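Let's take a walk through this one together, going from a single side chain out to the whole assembly and back again. Have the viewer open as you read.

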Amino acid sequence: MIHSLFLINCSGDIFLEKHWKSVVSQSVCDYFFEAQEKAADVENVPPVISTPHHYLISIYQDKLFFVSVIQTEVPPLFVIEFLHRVADTFQDYFGECSEAAIKDNVVIVYELLEEMLDNGFPLATESNILKELIKPPTILRSVVNSITGSSNVGDTLPTGQLSNIPWRRAGVKYTNNEAYFDVVEEIDAIIDKSGSTVFAEIQGVIDACIKLSGMPDLSLSFMNPRLLDDVSFHPCIRFKRWESERVLSFIPPDGNFRLISYRVSSQNLVAIPVYVKHSISFKENSSCGRFDITIGPKQNMGKTIEGITVTVHMPKVVLNMNLTPTQGSYTFDPVTKVLTWDVGKITPQKLPSLKGLVNLQSGAPKPEENPSLNIQFKIQQLAISGLKVNRLDMYGEKYKPFKGVKYVTKAGKFQVRT
Amino acid sequence: MSSNSFAYTEQSGGGETAELGQEATSTISPSGAFGLFSSDLKKNEDLKQMLESNKDSAKLDAMKRIVGMIAKGKNASELFPAVVKNVASKNIEIKKLVYVYLVRYAEEQQDLALLSISTFQRALKDPNQLIRASALRVLSSIRVPIIVPIMMLAIKEASADLSPYVRKNAAHAIQKLYSLDPEQKEMLIEVIEKLLKDKSTLVAGSVVMAFEEVCPDRIDLIHKNYRKLCNLLVDVEEWGQVVIIHMLTRYARTQFVSPWKEDDGLEDNEKNFYESDDELKEKTEDRKKPYSMDPDHRLLIRNTKPLLQSRNAAVVMAVAQLYWHISPKSEAGIISKSLVRLLRSNREVQYIVLQNIATMSIQRKGMFEPYLKSFYVRSTDPTMIKTLKLEILTNLANEANISTLLREFQTYVKSQDKQFAAATIQTIGRCATNISEVTDTCLNGLVCLLSNRDEIVVAESVVVIKKLLQMQPVQHGEIIKHMAKLLDSITVPVARASILWLIGENCERVPKIAPDVLRKMAKSFTSEDDLVKLQILNLGAKLYLTNSKQTKLLTQYILNLGKYDQNYDIRDRTRFIRQLIVPNEKSGALSKYAKKIFLAQKPAPLLESPFKDRDHFQLGTLSHTLNIKASGYLELSNWPEVAPDPSVRNVEVIELAKEWTPTGKAKKENPAKKFYSESEEEEESSDSSSSDSEGGGSEEEEDSSEDSSEGSSSEEESESGDESEAENKRMATRNSKNKGKSDTEDGKKKNEKSKTSGSSDADSSSIESSSDSESESESEYESRKTTKEIGKQTKQDRNLLTKDVSLLDLDDFNPISTPVVLPTPALSPSLIADLEGLNLSTSSSVISVGTPVFVPGKTHVLLHRMSGKGLAANYFFPRQPCIFGDKMVSVQITLNNTSDRKIENIHIGEKKLPVGMQMHVFHPIDSLEPEGSITVSMGIDFCDSTQTASFQLCTKDDCFNVTIQPPIGELLLPVTMSEKDFKKEQGMLTGMNETSAVIIAAPQNFTPSMVLQKVVNVANVGVVPSGQDNIHRFAAKTVHSGSLMLVTVELKEGSTAQLIINTEKTVIGSVLLRELKPVLSQG
């Protein structure tokens, strides 16, 4: 399936290559560079490129291109999903997925790639298994290794590999047994000029951090499970239990993982926690315009909205902006034309606003569309959909674990058209 | 050969220096000496030294540096001899790195690579399975043709290994060997055949991959393993799932007949118009044999469904394409939700998924219509995503939503991303041609865009307007005049050319302007683009023919300019036109027809989707994405006319089985058989899915046929069959000894078996527990046996009988999803209802179940805490389609413990259900803590009546009689349909089927939102978009029979309103009318 993999950085250097079948020359990447040039923007490089003898399927993550070489028909999503899994594994192992980290750990990277694919077909992709085969680098371990001469590579087959629960390793031991769940919900919305909602829905995930000894069998139930309109599961979840009882029952992997992601349907009304008053205007035949936005809380369920950032991609003819914020600070990058206003918290007594003048390129026609505002915010201790975890039970082990649930609501792709 | 001998000497040289180095305890000087000969090899010499050293740490360092070189793409092949020696290193990390090196360079240094083979051969016998596996991996990755026989032998041995991990690696090795030496195909197929029989989930994915690569046409190898693969699928690792699903899709297309009704097109709808329903029913029955799905086909569709919930986008897409290609069209709808979910993922996944949705949305609009807004474009999306979304929005556009869409498009047109703005204009053009109602609106909108400041936008608008005008040869003189004016300002060649063509084509409609335009163009002819020049020539020619008085000289002038143009196309065209239109003595017969040639009616261009022609590729494939047939693409065959013998999939192990297999499913015409065909076979597959654990379940049932609580638990068990099976395996792997496992299980099974009737001997029971497929065939046998016993009795009787016929699960006889289609003499009322439901759904393809508009939070008391001794129960209708069966209404019950002690074993006791009514009970709750609360769901098939379902809610100590009476509005499921369909359906449900009433109320109660809210509060109906403000329409179908229920509220003058309900189920209709009337009239 996957023939070779090339890692390419932003400036177009191929800094790592790995072949699972016979060697494919680096020159195959020229087709990719060609496409990249044509696309102008990195975001627009087509993920699938056809060349005379090969097909290139690439992903762009963390400022790196992962370009895989394919020779025969294969579902493209298969490759894309796998490449993302590779990037995530690097992230997991080295704390970041960057060129420097990969170059520093090139041997581990190679060992990982060797384990993850055999002849181009995925072999072991579960983080728990990989970590048993190849231990992640830590300072302590490298010191110990250099003294004792022991290695980073496991010499027995990970227990998970053979069982029906490949995601969990055996013999996990903790002194403090803890299970934490983060319910994170993001509001995706498009708000039109007049402030009415064109489209809104809630996308949520439950990320878990499980540090429990042995083989715990957990079941997590919700107060209102029918809120969840569409759910995708980590393979550990027993689907039938969910179907019949709406209970999440699973033997968890060890460590951090995403338990479920879900969508709360757009048919239910989505509460929009903030509103934006805006007036942006460019005068005809003049080199300046006015810019004025104010943010206020709307349906915030009595919680404070914090971490507000407003990002605006201004039209190309904007040269500079002279603004005064009543709160927070703003920056305008004259090259990318991106205005960023870091607002912080909303205090209802005094609503934050940002107003001032926009300098336009003289002579150029005025932009016909006002830019849309992308808003980020965060509300702690609130799941905007109202989802509530009812209880967490553990079976199969004797000890009493420490349990915790945290709720956060964030803005996802939250866009206000002006 | 010489190079090899050189390598050998070099290697031995290296060895000597190493020895020297060790003697001198210095590693620097010898490498220095080598440096004299070749300075750039110096570093590598240094590496060689390290590799020869005694210390593992030095070797490891060297290997790490070498791997670093390989990673960067630098050549490290000359180190081969030094590296290969370390292949037998004790240090596992060194060994692994040496493997990496070997695999990379063995192809280049074949002879030297042979030195390492013996090490691998030894390692293949290692007691550690990881070492065996990795030895096989490396051995098979060394692409050296000489060792093909050794590889073949190793693969054969490994395929019989005890460790499934090694067998998995053997499956991978098959592909490697095949690509190295295709001659081995026959031998490899044997190995594949053997590994396909493997029951380990670990192996399944890899061996199917090998199958796809080596012998995708040997579909016969799959037959016997088909059911096993379907059943194992959920437990296979995600990558394997993708491969298996794709393979099974191809398999299904060759083995089953099409589930798509041929006449779900227009033809059928027309029939409905002219014939009464009854006639039609007879007709359809006469005309075609009722289609019943092969149970294996159903098995595949059902077992893949849970995978739509996978976190892996590739798996979701694979299931989606499976549903698209092989499921009945009515069932494919469930994939849209999951696909829309994937749109939240990263841009690459979005790109592929959107492409596939684009193809799907062309053929079946309805699937994605409810998710229209999910395809709205954000300004931050990359352009490629934007254009794909636009494409889908265009496909989804219809009369009902076009106004919303056009408003949305207006925002897009102004986008700063001009490429996207241009694409939007094309989209508007396509909408205008597809939906005739809005053509004029669109045209006006596009004309407004002509005054846009951005040239690309204007140019694109011109091109689209040209196409639109060409399609509508109505008088659009004004627009043409407006465009003629634009010629002064616009510079984009395509747009200029389009305007000129348009003027030329309509030159008789704008007689004054056309010659003037030609005059201007003649002036600027030399500086125009080639494209424009050609159109100037055309314009000249057309004017010459229609208005030669004014334009003769101008045209001559232009023709002269064209004659000396640099471009030969233009010179050609000039010559051609001159000969054709200018009369001279040499002109032939053709010039008489010049006018006909130039001013012929031209066919309007078709504005269609670029995704139109992609549907011949299987969805989700590389070929589909690229729209080119990729190498190795396997065509999806068309459905066979007649299904190949389905008995090939039976796994015949026990002799008893043979008795029935030949008469089995193949013969549908057998009347007794026919009776049970659908639901029955349904059950068989459900049996097989639950496999091992099933046996236990049904026995429990028998033991306590009175105590239905246990019965219900066994039902539950069979529901979660796959899982408990998985659990068994989990346990087993902990025991790790395969044999031990099957032994103990056998024992268990035998014990259980011996308790039950002696219908099957101990032999067969042990076989059952040892293999899934066998157990399946056995249970099939069992159910078949009972069918014979029961003969031709009606369904109710069957239900009674089942209690006696111990081997069957009660569950078996509840038709879970598909209704029974069969002409039998004595039909019970519910069966007739089934029939009606089925026919209706075939006749109206427009109906699709939608999501509830509104879910009232109202709960009803099932058991008060006072009477329940502390146990309180409330129930509530979530208005979701029931997961337990199509005909059931889902009910959620919230149990509260208000006492101060634990309540244990809460379950459903004896059920007293009216005839035909069925109930799917919840899993018993072991214990409920004080103050605890738990929500469970149940399914009840009320048979479309408001009869109460009475049953006992039991705890460990007590039993309480409780009843559920459904409000009439909860017996419905909302349906989405367009206004047009609504009217059509309504037209068919008049007379007897219509009930109506007049309501009087204050006008403020008749605002649209009030009416909507009131109606959906009472009944679970879907809103039908309405063109008129004063008419509100709602559609639903009854849960059990699927009969349509159409509600119309027409607001009249004054404070009256007409409420009309059209439905076949007149009783329900009138009850609903009675319920709605007071609600709507009160304030």
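Which backbone nitrogen does the side chain of B:S310 reach? Keep in mind as you look that this is a predicted model. The answer is the backbone nitrogen of B:N312, at a distance of 3.0 Å. To find the spot, go to the loop of chain B that runs between α18 (295-304) and α19; B:S310 sits there. With a relative accessibility of 12%, B:S310 counts as buried, because the cut-off for that class is under 20%. Now look at what surrounds B:S310, skipping anything within four places in sequence: there are contacts with B:V315, B:V316 and B:R341, and also with A:S232 and A:F233. Those last two belong to chain A, and that takes us to the interface.

On the chain A side, 111 residues are in contact with chain B, and 118 residues of chain B take part in return. Put the two chains together and about 9,900 Å² gets buried, with carbon and sulfur atoms giving 54% of that area. What about the polar side of things? Between chain A and chain B there are 11 salt bridges. One to pull up is B:R137 with A:E114, where the closest N and O atoms are 3.9 Å apart. That pair just makes it under the rule, since the cut-off for a salt bridge is within 4 Å. Polar contacts across the interface come to 39 residue pairs, with both residues at pLDDT 80 or more. If you want to know which element of chain A gives the most to the side touching chain B, it's helix α2 (residues 76-94), with eight residues. Sorted by class, that side of chain A has 48 nonpolar, 30 polar and 33 charged residues.

Next, the packing. The largest nonpolar core holds 261 residues, and the ones touching the most other members are A:F66, A:F90, B:I66, B:Y101, B:L339 and B:F375. Its largest share comes from helix α19 (residues 313-326) of chain B, which puts in 12 residues. Take A:F90 as a sample of that core: leaving out its neighbours within four places in sequence, A:F90 is in contact with A:L7, A:F66, A:G95, A:E96, A:C97, A:I102, A:V109, A:L112 and A:L113. There's another core apart from the largest one, made of 75 residues, including A:A189, A:I293, A:I295 and A:M314.

How is chain B built? Its 1083 residues are 58% buried, and the chain has 46 helices and 16 strands. Of the contacts in chain B with a separation of 6 or more, 67% are between residues 24 or more positions apart.

Two more residues of chain B are worth a click. B:Q129 lies in helix α8 (residues 129-141) and, at 21% relative accessibility, counts as partly exposed. B:Q129 and B:S163 are 34 residues apart in sequence, yet their C-alpha atoms are 6.7 Å apart in space. Then go to helix α46 (residues 1066-1081), where you'll find B:V1079. At 23% relative accessibility, B:V1079 is partly exposed too. From B:V1079 to B:V1015 is 64 residues in sequence and 8.1 Å in space, C-alpha to C-alpha. Setting aside neighbours within four places in sequence, B:V1079 is in contact with B:K1014 and B:V1018.

Notes: Residues numbered from 1 in each chain as written. Chains lettered and ligands numbered in written order. Predicted model: local features only at pLDDT ≥ 70, side-chain atom pairs only at ≥ 80, totals over all residues. Heavy atoms only, no water. Contact = heavy atoms within 4.5 Å. Buried area = accessible area lost by both parts, 1.4 Å probe. Salt bridge = Lys/Arg side-chain N within 4 Å of Asp/Glu carboxyl O. Polar contact = N/O pair within 3.5 Å; in protein donor to acceptor, adjacent residues only side chain to side chain. Helix = DSSP H or I, 4+ residues; strand = E, 2+ residues; numbered from the N terminus. Nonpolar A, V, L, I, M, F, W, Y, C, P; charged D, E, K, R; others polar. Core = buried A, V, L, I, M, F, W, Y, C linked by side-chain atoms within 4.5 Å. Buried < 20%, exposed > 50% of the residue type's maximum accessible area, 1.4 Å probe, protein only.
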